[in-house]
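Morning, everyone. I'll walk through one model today, chain by chain, and then look at where the chains meet.

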Amino acid sequence: MHMHKFEKAWLIFGIGSLLVFLTVLGVSAFYLGNQPPSCLATIDPEKVDTTVPFNEPGLKKVEGKDWDYELVYVASAFSYSPAEVEVPYGAKVKIIATTKDVVHGFEVAGSNINMMLEPGYISEHVTTFDKTGEYLIVCNEYCGVGHHMMSSKIKVVE
Amino acid sequence: MFNPSAKLKVDPRDAKLAMAHFFVAFTALAIGGLAGLLQTLVRSGKFELPAGIGYYQILTVHGVVLGLVLTTFFIMGFQLAATSKTSGTFTNKQRITGWIGFWLMTAGTVLAAVMILLNEATVLYTFYAPLQAHALYYIGLTLVIVGSWIDGAAIIMKYAEWRRKNPGQPSPLLTFMSLVNTMMWIVATIGVASTVLFQLLPWSLGFVETVNIGVSRTLFWYFGHPLVYFWLLPAYMAWYVVIPKVIGGKIFSDSLARLSFILFLLFSIPVGFHHQLMEPGIDPAWKFLQVILTFLVVIPSLMTAFSLFATFENFGRSKGATGLFGWVKKLPWGDARFVVPFIGMVAFIPAGAGGIVNASHQMNQVVHNTIWVTGHFHLTVATSVVLTFFGVSYWLIPHLTGRTLTKAMNKLGIIQAVIWSIGMTFMSGAMHAVGLLGAPRRSSYSEYGGAPQAAEWIPYQVAQAIGGSILFIGIILMIYIFINLAFFAPKGEQEFPVGEAADEAEKAPMVFENWKLWLGITVVLILFAYTIPFIDLIQNAPPGAKGYKLW
């Protein structure tokens, strides 16, 4: 089996670009810490309301951690608790969320905050709110007849 | 390659089997296309579904009927015809196997369709446990898959017979490719069959109360990504083998075509985590490993692109073309059998680029479950693959029915593809753009309580409806052409184009036919990519999830 010299050149160039590309992704993931949300903690989906921190959804100031606030969400068909929250501008926030029933999405539209909420699992993402304004949270995973009504709001204020 | 078993014409008995598949496939196209049109209209905000029909019910119809039924039936019909053509007529036993497969798939389709129409299964084709559909829906889809295995068994039996009768010879290229795709399909569907049979079915029947969501989703996506290669590889069969003959050129290289199919077999399956990048419960290092494996299909894709354009250029130059791009003018721009799949090839360039974004470990976060993804696969499967299938139909249907593609139908075929491209540019373009702004996929029309961000999305949704309406005109045209070619076109001989390799003298290395080796590596790669994270999902599983019917 022989390969045309142009095809060899084409493949060397292509595979070379691929290696560069994957290296960039790898450095970003493992050196800069840009990993997709992959929290490994679990929870009993029947007991979400009585399990810390989900017994008190909303924004809470924390001390001695890498982030200033924790923002806790409980999703269920077809709403999020809290339905609206104000976050101070520039705050570093850990979002912690789970679902009480079926699979839901958690997407802050127009941002990089995007994660799946699955019954039994906790999803987390750390972010800094460095732009003021009102952000819409939408459920982006089909969850039933009211899926497109399921939303929440984050207001980033000075 | 010298191939004594290649037939001038597919035997009428085999033709009947293939045509049975195409009747179901094009019925699915009509129903699924109508569902798609309704979805885009609803989402424009200017139209509501009558008679209490739900948006998500229509969405389930669209996904199941086009994603599973149209594709699987068309592909099996095409592969059966291609195998019969290149390896010889099926024996009675092989053909009966094919018919059993066909009827099982059809029965399963009807069962699943009835459950969807009764609104007992509005869970989309991706299942989404713990949403719980009626058990008969799961049984129906299982029959579709088991039927496709039996259908595929006919191809495997024919291949084995050919090899027995031609020791030491590489199998005919189209048979080889059909076989690779069939084996990839069987290995991949084990995942979805497992979650349905061992998890969802017992749970929907009430034998067990809860289901492990992480395991179910992982088994589904173990199948969900190779599924897209199962759609793509038959298009590649047409691009590699049929198109060169249609334009009057040669296959660039028989061996390299085989190598690229083997690479697709190896790297299509151990990659499902890139659909689960945003999910909890899976360690990011394992996600990254599967991201790397995902990107390895870039290599056979680059090989394919090179081969196709080398074939085009060699052909043009053999016709006296000069200059860097002079060969472009020599291509048969009036032949639907070439032009329609060619548009599909061109669409694959932006489609592939979008796919690279989706599979990128971090960039996925921007687009995951936004309608960008819907825009992406309407370029890959609903343009590249589907236009190629249409282009194949223009010669294969009349070949099988003993009719010919008339000049008028040829022209209509080209017009169809142009309409399709215009419609898709509107629809897929708008989906990509508004997806970047955050508009979610699989969602009905919503103003999200008057949120300003959601208001920005609405003009794009109107553009999607315009595109969807243009595409529906394309579907009506395609159905019209299909009916013409199946029943009304003039009787005659329509060629089944099978290209010859430019490197005719060079026999393909026999190592490509060593299935112990290739299936062995496939299994090793799958075990490598999945064993540890899968054990994790079971050992560290949370309490199971109860079923919900929220529609």
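One definition before we start. A helix here is a DSSP run of H or I of at least four residues, and helices are numbered from the N terminus. That tells you what I mean by α3(B), and just after α3(B) comes B:Asn119, with a positive phi of about 60°. Keep in mind throughout that this is a predicted model.

Let's stay with that helix. α3 of chain B covers residues 92–117, which is 26 residues. From first C-alpha to last it reaches 37 Å, close to the 38 Å expected at 1.5 Å a residue.

Now pick one residue inside it. B:Gly101 sits in helix α3 of chain B. Is B:Gly101 buried or exposed? It counts as buried, because it has 24 C-beta neighbours inside 10 Å, and the cut-off for buried is 20 or more. What does B:Gly101 touch, setting aside neighbours within four places in sequence? The contacts are B:Gly147, B:Ser148, B:Ile150, B:Asp151 and B:Ala154. For a sense of scale, take B:Phe426. It is 325 residues from B:Gly101 in sequence, and the two C-alpha atoms are 38 Å apart in space.

Step back to the whole of chain B. The count is 15 helices and 2 strands. Its radius of gyration is 23 Å, and the globule rule gives 24 Å for 551 residues, so chain B is as compact as a globular protein of that length. The C-alpha atoms fill a box of roughly 65 × 50 × 45 Å along the principal axes. Buried residues make up 60% of the 551. Then the contacts. Take those in chain B with a separation of 6 or more: 85% are between residues 24 or more positions apart.

Two loop residues in chain B deserve a stop. The first topic is B:Phe127. You'll find B:Phe127 in the loop between α3 and α4, where α4 is 135–165. Its phi is near 75°, which is positive, and this is not a glycine. B:Phe127 counts as buried, because 22 C-beta neighbours fall inside 10 Å.

Next, B:Arg442. This one is in the loop between α13 (407–436) and α14 of chain B. Phi is near 50°, again a positive value in a residue other than glycine. With 24 C-beta neighbours inside 10 Å, B:Arg442 counts as buried.

That loop leads to α14(B). This helix has 37 residues and reaches 54 Å from its first C-alpha to its last. That is close to the 54 Å expected at 1.5 Å a residue. Where does α14(B) bend? At B:Pro459, by about 25°.

Over to chain A. Here we have 1 helix and 10 strands. The helix comes at the N-terminal end of the order, and the strands follow. What about overall shape? A compact globule of 158 residues would have a radius of gyration near 15 Å, but chain A has 20 Å. Its C-alpha trace spans about 65 × 35 × 30 Å along the principal axes. Of the 158 residues, 36% count as buried. For contacts with a separation of 6 or more in chain A, 62% link residues 24 or more positions apart.

There is a record for part of this chain. UniProt, in an unreviewed entry, lists residues 55–158 of chain A as "domain: Cytochrome oxidase subunit II copper A binding". Over that stretch the chain is 0% helix and 54% strand, with the end C-alpha atoms 28 Å apart.

Chain A also has cis peptide bonds to look at. One joins A:Val52 and A:Pro53, with omega about 0°. A:Pro53 is in the loop between α1 (5–31) and β1 (58–61). Another runs from A:Ala77 to A:Phe78, with omega near -5°. A:Phe78 lies in the loop between β2 (69–76) and β3 (79–81).

Last stop: the interface. How many residues of chain B are in contact with chain A? The number is 59, and they meet 56 residues of chain A. Several helices of chain B each supply at least two residues to that side, among them α6 (213–247), α9 (298–318) and α14 (452–488). The largest share, 6 residues, comes from α8(B). By class, this side of chain B has 35 nonpolar, 19 polar and 5 charged residues.

That's my tour. Over to you.

Terms used: Residues numbered from 1 in each chain as written. Chains lettered and ligands numbered in written order. Predicted model: local features only at pLDDT ≥ 70, side-chain atom pairs only at ≥ 80, totals over all residues. Rg over C-alpha atoms; globule rule 2.2 N^0.38 Å. Buried ≥ 20, exposed ≤ 12 C-beta atoms within 10 Å, placed from the backbone. Contact = placed C-beta atoms within 7 Å. Nonpolar A, V, L, I, M, F, W, Y, C, P; charged D, E, K, R; others polar. Expected span 1.5 Å × (residues − 1). Bend = angle between axes of the 7 residues up to and from the residue. UniProt positions renumbered as here; feature names shortened; annotations may be inferred.
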